[in-house]
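These exercises go through one model step by step. Work each task on the structure before reading its solution.

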Amino acid sequence: MNKKRNYTTSPSSYLGITLISIMLVFQAGCGSSTSDTELDVIILDQNLTGNPASERDLPDISDPVAQLGMALFYSKSLGGAMDAACVTCHHPGLGGGDGLSFPVGVDSLDPDVLGLGRTNSANLPIVPRNAPSVFNAGLWDSGLFFDSRVESLGKENKANGAVSPIRTPDSDFLIADVNAGENLVMAQSKFPVTSSEEMKTEDFENGSTNDVIRDHLAARLGDYGVGEGELSTNAWLEEFQTAFVSSEGAEVLVTFDNIAYALGEFERSMVFVDTPWHQYVNGDLLAISEDQKQGAILFFTPVNEGGAGCSGCHRGDVFSDEQHHVIAFPQIGVGKGDGNNDDFGRERETGNPADRYHFRTASLLNVALTAPYGHAGTYQTLEEVVRHYVNPVASVNAFFDRGGWCQLPQYQSIGNCETLYPDSIANSRLALQKLGQERQVMATPFISPALNDIQIAQLVSFLESLTDDCAGDRECLSGWVPGAGDNGPDENQLNAVDVEGNVL
Ligand code: HEC
Ligand code: HEC
């Protein structure tokens with residue numbers, strides 16, 4: 001930014017100014033504008049290439065292991081009661097998430113119904129956090145989950161955790177889990193199957209260790225030992241033999257490590273980064289609109305220079321610094337067992353109260369496809385999110401004043417929804433207080449920008465330019481969705497439909 005300012009205000013000479021004017025006229029002739037000139041400087045300054053996937057070792061969806069991973073990702077056999085799969089909460093047709101504030105995992109009324117209208121007999125979601133997208137999971141280098149409880153200890157750039165050891169909930173904070181596996185995504189995929197609310201159910205392997213649960217599921221798919229005969233149709237061994245090019249038997253091949261590795265490779269093949277913004281950074285000046293350019297300038301310019309300061313945290317081509325910050329989006333839901341139905345975020349892992357209410361900075365790639373937003377899925381639109389940054393206190397108050405969560409699409413069909421989360425206002429205010437304290441000692445990069453309605457619309461419009469066309473296009477996504485005529489190696493494939501019965 002400064003470079004440009006010095007340039008235009010430098011007393012050098014009329015000649016300089018004339019040259020600039022000629023340049024601008026010339027650029028305008030080529031479809032370029034002053035906003036392009038400003039963005040040029042920003043792109044250089046912030047080292048943006050537009051392509052976060054470059055120089056990364058990521059599989060293609062045609063890779064046989066990724067193909068096996070897809071079959072596993074869609075199989076309800078990995079759910080303890082065979083009623084939930086990974087795709088239950090992470091469907092490509094729903095932006096890699098589930099379109100809900102909080103997921104409904106096990107015990108749903110209809111396991112194959114995903115998105116709005118998916119519910120359980122109590123008509124109440126019990127998973128405490130919003131399901132993030134699995135798109136671009138291979139682009140994270142530091143940690144997965146909102147609190148990074150699956151965390152690379154070395155955080156090497158562009159490695160997806162493949163270089164140094166990984167800590168998981170199976171090991172203590174900062175201690176390597178020697179069984180974590182190849183990369184962060186593989187390490188993460190060992191956990192949903194152990195969660196009673198997400199996939200396991202209370203009854204399956206009740207009280208068993210995580211490893212016993214995983215081994216039982218592997219034995220179910222491999223049709224050996226404790227899992228023998230649990231699947232009436234079972235062609236998994238052939239699938240594993242093909243994927244791993246091996247003639248070994250099930251006890252060697254169909255292990256939970258191999259399951260987790262294949263799940264991870266499938267997820268890591270979901271690279272959706274070909275956005276209009278990417279095309280713009282690579283020289284197509286017409287790829288985004290003038291409003292989006294103005295939004296981009298605001299996004300990448302610090303608040304004290306008249307911008308919105310977003311890239312202070314949503315940094316680089318991935319749009320995340322992979323650090324944890326307090327943003328104080330409204331907190332609802334059953335909570336993580338902290339305080340009164342509260343969620344302390346990163347503090348739960350570090351044990352440090354300074355990290356209370358800190359959550360990992362979201363990547364904003366394809367964000368237009370993944371409403372509702374935040375770790376508790378409380379804002380339904382990007383405009384609401386941006387308005388929160390402008391004035392968090394007013395925004396949280398307005399959220400609760402207008403009936404808060406009861407207006408969220410997922411809660412509109414829930415009777416007595418006002419009485420559901422009696423502590424949510426108090427919890428949300430505690431998070432705002434924490435933000436206030438950090439601001440007082442300048443311990444947070446979150447400074448509220450003063451933005452008018454036009455600027456807010458421009459920022460929203462810029463966020464929309466971060467969507468890969470393919471990520472929102474059913475046809476283009478078909479490589480990541482098994483054919484609905486196919487029921488998978490165990491006849492237990494989740495062929496998702498929406499609440500009206502349309503194929504997702
Ligand atoms: C019932 C819903 C549900 C199911 C089923 C589920 N997930 Fe998730 N997933 C979530 C939620 C909620 C989170 C965030 C939890 C947190 O941060 O504490 C998450 C987080 C993740 C993340 C981390 C994303 C990020 O940005 O950090 C990945 C990757 C992931 N899930 C993959 C999987 C895989 C693989 C499976 C199957 C083995 C699976 N999920 C099953 C709900 C679900
Ligand atoms: C201090 C760091 C920081 C700054 C500055 C910041 N963000 Fe965020 N952003 C975060 C964190 C952390 C989250 C996740 C919070 C949560 O889940 O509770 C987030 C979440 C979001 C989300 C929701 C994403 C999702 O998938 O749920 C959007 C959209 C967003 N930010 C946009 C912006 C915009 C636009 C700006 C500038 C006006 C901005 N952010 C400034 C850290 C920041």
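**Exercise 1.** In which loop is the place of Pro372?

Solution. The model is a predicted one, in which local features need pLDDT of at least 70 and side-chain atom pairs count only at pLDDT 80 or more, while totals for chains, interfaces and linings use all residues. Residues are numbered from 1 along each chain as its sequence is written, chains are lettered from A and ligands numbered from 1 in the order in which they are written, and side-chain values use heavy atoms, with hydrogens and water left out.
- Step 1. Pro372 belongs to the loop between strand 5 and helix 14. Helices (H or I, at least four residues) and strands (E, at least two) are DSSP runs, numbered from the N terminus.
- Step 2. The peptide bond that joins Ala371 and Pro372 is cis, with omega about -10°.

**Exercise 2.** Describe the backbone at Asn123 and place this residue.

Solution.
- Step 1. Although Asn123 is not a glycine, its phi is positive, about 55°.
- Step 2. Asn123 is in the loop between helix 4 and strand 1.

**Exercise 3.** Which protein atom is the donor of the iron atom of ligand 1, and what surrounds this ligand?

Solution.
- Step 1. His90 is the only protein donor, through NE2 at 2.1 Å. Donors are N, O and S atoms within 2.8 Å of the metal (3.2 Å for Na, K and Ca); water is not among the atoms, so sites may look incomplete.
- Step 2. The loop between helix 4 (64-73) and strand 1 (143-144) holds His90.
- Step 3. There are 25 residues around ligand 1, and Cys86, Cys89, His90, Phe145 and Arg360 come nearest. A residue is near a molecule or strand if one of its heavy atoms lies within 4 Å of it.
- Step 4. By class, this shell has 15 nonpolar, five polar and five charged residues. Ala, Val, Leu, Ile, Met, Phe, Trp, Tyr, Cys and Pro count as nonpolar, Asp, Glu, Lys and Arg as charged, and the others, Gly among them, as polar.
- Step 5. Oxygen atoms of ligand 1 lie 2.8 Å from a side-chain N or O atom of Arg129, 2.8 Å from a polar side-chain atom of Arg149 and 2.9 Å from a backbone N or O atom of Phe146.
- Step 6. Helix 6 (196-200) and helix 10 (256-268) are the elements that give two or more residues to the shell.

**Exercise 4.** Which residues are closest to ligand 2, and which element gives the largest share of its shell?

Solution.
- Step 1. Ligand 2 is surrounded by 22 residues, with Cys310, Cys313, His314, His375 and Tyr389 closest.
- Step 2. The shell divides into 15 nonpolar, six polar and one charged residues.
- Step 3. A side-chain N or O atom of His314 is 2.8 Å from a nitrogen atom of ligand 2. Oxygen atoms of the ligand lie 2.5 Å from a polar side-chain atom of His375 and 2.8 Å from a backbone N or O atom of Gly374.
- Step 4. Strand 5 (358-360) and helix 14 (382-390) each give two or more residues; helix 14 has the largest share, three residues.

**Exercise 5.** In what order do the three strands form the open sheet?

Solution.
- Step 1. The order is 1-2-3, with antiparallel pairing. Two strands pair if DSSP finds at least two bridges between them.
- Step 2. Strand 1 and strand 3 (166-167) are the edges, each pairing on one side only.
- Step 3. Two bridges link strand 2 (residues 150-152) to strand 3, and Ser152 stands opposite Ile166 of strand 3.

Conventions. Polar contact = N/O pair within 3.5 Å; in protein donor to acceptor, adjacent residues only side chain to side chain.
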